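Hi,

Here is the structure I promised to pass on to you. Have a look at it first, and my notes on its cysteines and salt bridges follow below.

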Amino acid sequence: MSGKTFTVEEVALHNKAGDLWIIIDSKVYDISRFVNLHPGGAGVLLAKNVAGKDATEAFFGLHRHEVLLKPQYARLQIGTVQGQKEIVKPLAAGEVSQVPYAEPAWLLKGFHSPYYNDGHRKFQKAVRKFFEEVVYPDAIKHEEDGKRISQDVVDKLCELNIPAMRIGPGKHLEGRNLIGGIITPEEFDHFHELIVNFEIGRLGTRGYVDGLLAGQVIGLPPVLNFGSPELQAKVVPEVLGGKKFICLAISEAFAGSDVGGLQTYAERDGDEWVITGTKKWITNGTFADYFTVACTSNEGYIVVLVPRQDAVSTKAVKTAYSGTAGTSYVTFDGARAPVANTLGKVGSGMQVVLSNFNHERWMIVCTSLSAQRRVVEECLKWTAQRVAFGRPLNAQPVVRARLAAMIARVEAGQNWLEFVTHQMNNMSYDEQSDKIAGTIGLLKQYVTRTGRETAEDATLLFGGRGITSTGMGKLIENYHRTSPYDAILGGSEDVLGDLGVRQAIKKLPKNARL
């Protein structure tokens, strides 16, 4: 970029084809040679209110600020306007947004929280910086091409032990260096884990969010909690080191939320299980090396860790979100696994499956709510800069009413989630199952249902841009298309709502009367 300065009058002289300058946010761009390459046609740039003029309002009515930062467009800048200063600046890596409600309140100056301390704030800044600099470019790339997360990104995640932290606090963190030593394994709690999930959720690439080793988050805990020491010693280092991948294989075409209706069958043959059946909609299944499989058997319900082998085949299932998630149909055609790979006691598989659900559902709430909050930020920005009928969109009462509903939903969800997370920090696994399993189910139902309401509101606010997968409304389109996933994965809304109410009924005092 040249250090030259120009007056508005000098820029105005360059207003025709072959000699065309414009001003955007105090910067002068020579677009003479770009005009015929403009995706919207040359006529847009040669319009009287654009050619040789300050086109800031017109530009931000059509484009995201990130467009100006791309090398092919940044090089078109030839100077700045004398006496003017840049207003729209990109956030530095790790910096929090100053848009109201764009961030959880605890991250903002002047606000207080009983749940977070300065250590959490330092941790959040480091995690966000890493995700913006290292993960986000990979997320954009693979959300588009459908390929799995890049191995070099996996390696960098594992260097910081982010996959290990996504499992939550526990023995698996002992001796690990977390985020370069910003916190110790002893200090790590579920609020640190919530922070990691929030930074993942705000990527705005829903398929990649699951592709970012979500299969490990739900597939490895049964090994950690119910596997033999020998099995853990082999599998856990491979998976948390990013050398092998794991997934949870429960759902079938025959049984989704009805985990008791599974048809995959395991038959004992000496010291091995022989497993036959199919699983469907298995996250990360296309690239998994291990499968945590729920089966029936003559000895009752069991869960077995099955390594990939010739008798295990996977094929991608095409769904509404990106193939980068690795969603798969898995066939076990006489696959073999040692009986020593049984997770928990034979016949107690249902306990293994159910004990895993609370953490999975909580994780989905975290990423879902974070994505919803990102959408609120997008809508607050858009309605301020979009001019219609001579006024910004947010000058319209009906628009403000939609924004009010969106803000109320995300703030209510945030406070409920933080309350539940605090209980998780102070309860054992068994206590969580007894006291807050129903609450987590109701919370997930609330957040995912309000997420779809917010998706609908956001799409209406963005109009045609909200159903366009690129450009101004790309995050809205992605969210509107993929928000139903959160309502289904980990247990559908109706099932979880019913779980919450059934648990409440079960705990009603016998002497409760009006």
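**Buried cysteines**

Cys379 is buried, at a relative accessible area of 0%. Cys247 is buried as well, its relative accessibility being 0%. Please keep in mind while reading that this is a predicted model.

On the subject of cysteines, how many disulfides does the structure hold? The count is 0. Cys247, for one, is in no disulfide, and the nearest cysteine sulfur, which belongs to Cys295, is 12 Å away. A disulfide needs the two cysteine sulfur atoms within 2.5 Å, so that cut-off is the one to hold against this distance.

**Salt bridges**

The salt bridges gave me a longer list, with 31 counted in total. I picked out three pairs and one network for you.

Let me begin with the pair that links two helices. Arg409 and Asp457 form a salt bridge in which the closest N and O atoms are 3.0 Å apart. Arg409 belongs to helix H15 (residues 397–425) and Asp457 to helix H17 (residues 437–462), so this contact ties together parts that are 48 residues apart in sequence. Are its two partners buried or exposed? Arg409 is buried, with a relative accessible area of 13%, and Asp457 is buried too, at 7%.

The next pair sits within one helix. Arg502 makes a salt bridge with Asp498, with 2.8 Å between the closest N and O atoms. Both residues lie in helix H20 (residues 493–506), 4 residues apart, which is about one turn of the helix. As for accessibility, Arg502 is partly exposed at 47%, and Asp498 is partly exposed at 41%.

Helix H6 (residues 118–145) offers another pair of this kind: Arg121 and Asp118 both lie in it, 3 residues apart, or about one turn of the helix. Their side chains meet in a salt bridge, with an N to O distance of 3.6 Å. Here Arg121 counts as partly exposed, at 27% relative accessibility, whereas Asp118 counts as exposed, at 61%.

Finally, which residues are linked in a network of salt bridges? Arg64, Glu66, Glu378 and Lys474 are joined in this way. You may like to display these four together in your viewer.

If you want a short list to start from, I would open the buried Arg409 with its partner Asp457, and then turn to Cys247 and Cys379.

Happy browsing, and best wishes!

Technical notes
Residues numbered from 1 in each chain as written. Predicted model: local features only at pLDDT ≥ 70, side-chain atom pairs only at ≥ 80, totals over all residues. Heavy atoms only, no water. Buried < 20%, exposed > 50% of the residue type's maximum accessible area, 1.4 Å probe, protein only. Helix = DSSP H or I, 4+ residues; strand = E, 2+ residues; numbered from the N terminus.
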